[in-house]
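Student: Could you take me closely through the largest cavity of this model, covering its lining and the aromatic rings around it, and then place that part beside other local features of the chain?

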Amino acid sequence: MVLYSHFLVIYLLFLSSVVSQVTEFISIDCGSTSNYTDPSTGLAWISDIGIMNNGKSVKVENPSGNWMQYRTRRDLPIDNKKYCYNLSTKERRRYLVRATFQYGSLGSEASYPKFQLYLDATLWSTVTVLDASRVYAKEMIIRAPSDSIDVCICCAVTGSPFISTLELRPLNLSMYATDFEDNFFLKVAARVNFGALTKDALRYPDDPYDRIWDSDLDRRPNFVVGAAPGTVRINTTKNIETRTREYPPVKVMQTAVVGTEGVLSYRLNLEDFPANARAFAYFAEIQDLGPSETRKFKLEQPYFADYSNAVVNIAENANGSYTLYEPSYMNVTLNFVLSFSFVKTRDSTLGPLLNAIEISKYQKIAAKTDWQDVMVLEALRSISDESERTNDRGDPCVPVPWEWVTCSTTTPPRITKIALSGKNLKGEIPPELKNMEALTELWLDGNFLTGPLPDMSRLIDLRIVHLENNELTGSLPSYMGSLPNLQELHIENNSFVGEIPPALLTGKVIFKYDNNPKLHKESRRRMRFKLILGTSIGVLAILLVLFLCSLIVLRKLRRKISNQKSYEKADSLRTSTKPSNTAYSIARGGHFMDEGVAYFIPLPELEEATNNFCKKIGKGSFGSVYYGKMKDGKEVAVKIMADSCSHRTQQFVTEVALLSRIHHRNLVPLIGYCEEEHQRILVYEYMHNGTLRDRLHGSVNQKPLDWLTRLQIAHDAAKDFCRP
């Protein structure tokens, strides 16, 4: 009892879902003059009057059977436009969309129609009528990309384009889900009911989702032909459990074909193939098998490594007889001519069985026009005369553009031109215009547009703008003269105010602005003021540059004079020393010196040698001592006089004069000197063995000199001082 209740709840939920699906059906009888309910199905059909205002209703001669929806058709104009039906959807819900075409008879027409069918911007099918009595059904399974879709007819090659019915069927949430539905629709190529009792197609109410299941008894060319010998048809009246993923109708699963000689094979043509496809095979064991009977088989043709090695055992795979087993071939490549065969395995006692197949092509979803551009077009349509909107349906650019727009060939398409001259537009220009970055031409002249201009500073490709003969107000933005590609700007007969941007008056742009009473050129006084201001700023800039250059020249001259004075002082100092028995030459600013003679060294060289006197190695009564290294690699000790008082200056002169004459192996030789910018510096050869204090008193690394050595050094040095 509990199990029965459980199944009853599931059935009631399924039934309520089906009822809900039916109430959401959209069934349009194209060309019908009234709404009605089809007595054979109970489905409500509506006329397309008010939905499609183009073309004409035509009575069909020799309509298909008793189907009421095929008694009329809608013939559409033969031109380069598209004619679209808009259907409301719920975004991301899956639907079956179906368009059907029955022409009837050729009559006085010279040729049967051939034209294109689009879903949004995606080419759905090329409809080619070869048999006037046949109903051509085109089905697409989609996940709705937005809250509506457009089904469009266009591009007739021969004859007059037409349509018989347009239908929208919502599907159960789990049905026909794929891994690729963000980028692909499923275009139905074949849906076949094998073992059918009649040649009539099966659909609603037998299929709650109103799919069309073609009978394998339909003998149209290249459709389910080439059956293998020993193929027999079987059926049952028992219920089949079909509530799995795709919910095939029970009536389809109650019939089947069986290959009694071990092989089951067929051949059929698939429209728009070769292509990648999703394929379903529907199996249900509808025969009562004996204890020793088994039914096992494999897919032999076409061969797919991932599928053909799998053994199908229907009763085992489906967990019992009279239960659906539906293997899905998610993504396989199939040819235009599909030949398929199932072959029984060696340990099987019965041949293969097949109830139905369903094959759909992955149809790449084409990009629609950039949504920002579409927003502007919709805003413009909202302020236009209603009589001008009749053909503005479907995507603005694909498959053919609206009459008043021009599109790019990019992906997604962008609007490059808007041509709405004299279209009775009333209101303000949409501010979203600023986002139409591919726009090159804007023609809105001869309307009743009001308000200021929207921001167009980002429309750098804009070349031609016609806004004349409107009621526009406000000032002309200064950026209008800076748009890099602008060639023409027409604003005559409006109410613009203020000054015209000077860049529009240079002659580079064809600029027409007559009959804007409060719009004027820049005043002479203002132009004179700007000229004076600009000239003044230019002169001040030149004077500033000259002033800075003068400062640099004066600084260099002052430095040169200072160096000259230093050289002169050095010359005077060298003259006062009168070195005897020693010939020397001085190269000012250089490093060259004769052996044993002190020479003048410029202050910048000492700063460079000592890295700006960064390494202090000692201090004495004269001043601090710094380590340095000359450009020639010679290491030096640089002693800087602590102050410049008169007796210190005399001490500096005396030391230079004395040490320039005295050369002894026990005295540190004077290499050079500097007297510059109030600096007095002595440069000695650097001694690696420490200071005199270290040698007299000892240090960590040095032992003190013994008294005999000290006496010898003093005696030798005294000899030099005593020389005449």
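Tutor: What follows begins with the cavity, moves on to aromatic rings and charges, and ends with backbone geometry and one sheet.

The model is predicted, and features were accepted with that in mind: local features need pLDDT of at least 70, and side-chain atom pairs count only at pLDDT 80 or more. The count of cavities of 30 Å³ or more comes to six, and the largest cavity has a volume of about 200 Å³. This largest cavity is lined by 15 residues, of which Ala279, Tyr329, Leu338, Phe340 and Ile359 are the closest to its centre. Four strands, namely β19, β21 (328-334), β22 (337-344) and β24 (356-364), each supply at least two residues of that lining. In character, the lining of the largest cavity divides into 14 nonpolar residues, no polar residue and one charged residue.

Phe340, one of the lining residues closest to the centre of the largest cavity, leads directly to the aromatic rings. A search of the whole structure finds 27 aromatic pairs. In one of them, phenylalanine 194 and phenylalanine 340 are arranged edge-to-face, with 6.5 Å from centre to centre and 80 degrees between the planes. The two partners come from distant parts of the chain, 146 residues apart, since phenylalanine 194 lies in the loop between β14 and β15 whereas phenylalanine 340 belongs to strand β22. Phenylalanine 194 has a relative accessible area of 1% and is therefore buried, and phenylalanine 340, with a relative accessible area of 7%, is buried as well. A contrasting geometry is found for phenylalanine 511 and tyrosine 513, whose ring centres are 4.9 Å apart and whose planes meet at 20 degrees, so that this pair is stacked. Of these two residues, phenylalanine 511 counts as buried because its relative accessibility is 10%, whereas tyrosine 513, at 22%, counts as partly exposed; the boundary that separates them is 20% relative accessible area, under which a residue is called buried.

Returning to the rings around Phe340, one aromatic cluster is formed by Phe194, Tyr266, Phe283, Phe297, Tyr325, Phe340 and Phe342. Elsewhere, rings are also found facing charged side chains. The charged end of arginine 73 sits over the ring of phenylalanine 162, at 5.8 Å from the ring centre, and lysine 426 lies over the face of phenylalanine 448, at 5.9 Å from the centre of that ring.

The loops offer a second group of details, this time in the backbone. Most residues other than glycine have a negative phi, and most peptide bonds are trans. The loop between β14 (184-193) and β15 (214-215) also holds proline 205, and the peptide bond that leads from tyrosine 204 to proline 205 is cis, with omega near 10 degrees. Another cis peptide bond joins valine 398 and proline 399, where omega is about 0 degrees; proline 399 is placed in the loop between α4 (371-382) and β25 (405-407).

Positive phi values can be pointed out at two residues that are not glycine. Aspartate 272 has phi near 65 degrees and lies in the loop between β18 (263-269) and β19 (275-282), while its relative accessible area of 38% makes aspartate 272 partly exposed. Asparagine 469 has a positive phi of about 60 degrees and is found in the loop between β30 (464-466) and β31 (471-475); its relative accessibility of 39% means that asparagine 469, too, counts as partly exposed. Aspartate 120, in the loop between β8 (114-119) and β9 (122-128), counts as buried at 6% relative accessibility. The C-alpha atoms of aspartate 120 and isoleucine 365 are separated by 8.9 Å, although these residues are 245 residues apart along the chain.

A final feature is an open sheet of six strands, which run in the order β36-β40-β41-β39-β38-β37 with mixed pairing. Its edges are β36 (599-600) and β37 (616-619), each of which pairs on one side only. The partner of β37 is β38 (residues 623-629), and these two strands pair in the antiparallel sense over three bridges. Within this sheet, glycine 618 stands opposite valine 625 in β38.

Key. Residues are numbered from 1 along each chain as its sequence is written. Side-chain values use heavy atoms; hydrogens and water are left out. Buried means under 20% relative accessible area, exposed over 50%, partly exposed in between (1.4 Å probe, protein chains only). On a 1 Å grid over the protein atoms alone, a cavity is a set of points where a 1.4 Å probe fits but cannot get out, and a pocket is an open set with protein on both sides within 12 Å along at least five of seven lines; lining residues have an atom within 4 Å of a point. Grid points are joined across faces, edges and corners, and a volume is the space filled by probe spheres set on the points. Ala, Val, Leu, Ile, Met, Phe, Trp, Tyr, Cys and Pro count as nonpolar, Asp, Glu, Lys and Arg as charged, and the others, Gly among them, as polar. Rings of Phe, Tyr and Trp (its six-membered ring) pair if their centres lie within 6.5 Å; planes under 30 degrees apart count as stacked, over 60 as edge-to-face and the rest as tilted. A charge sits over a ring if NZ of Lys or CZ of Arg is within 6 Å of the ring centre and within 35 degrees of the ring normal. Two strands pair if DSSP finds at least two bridges between them.
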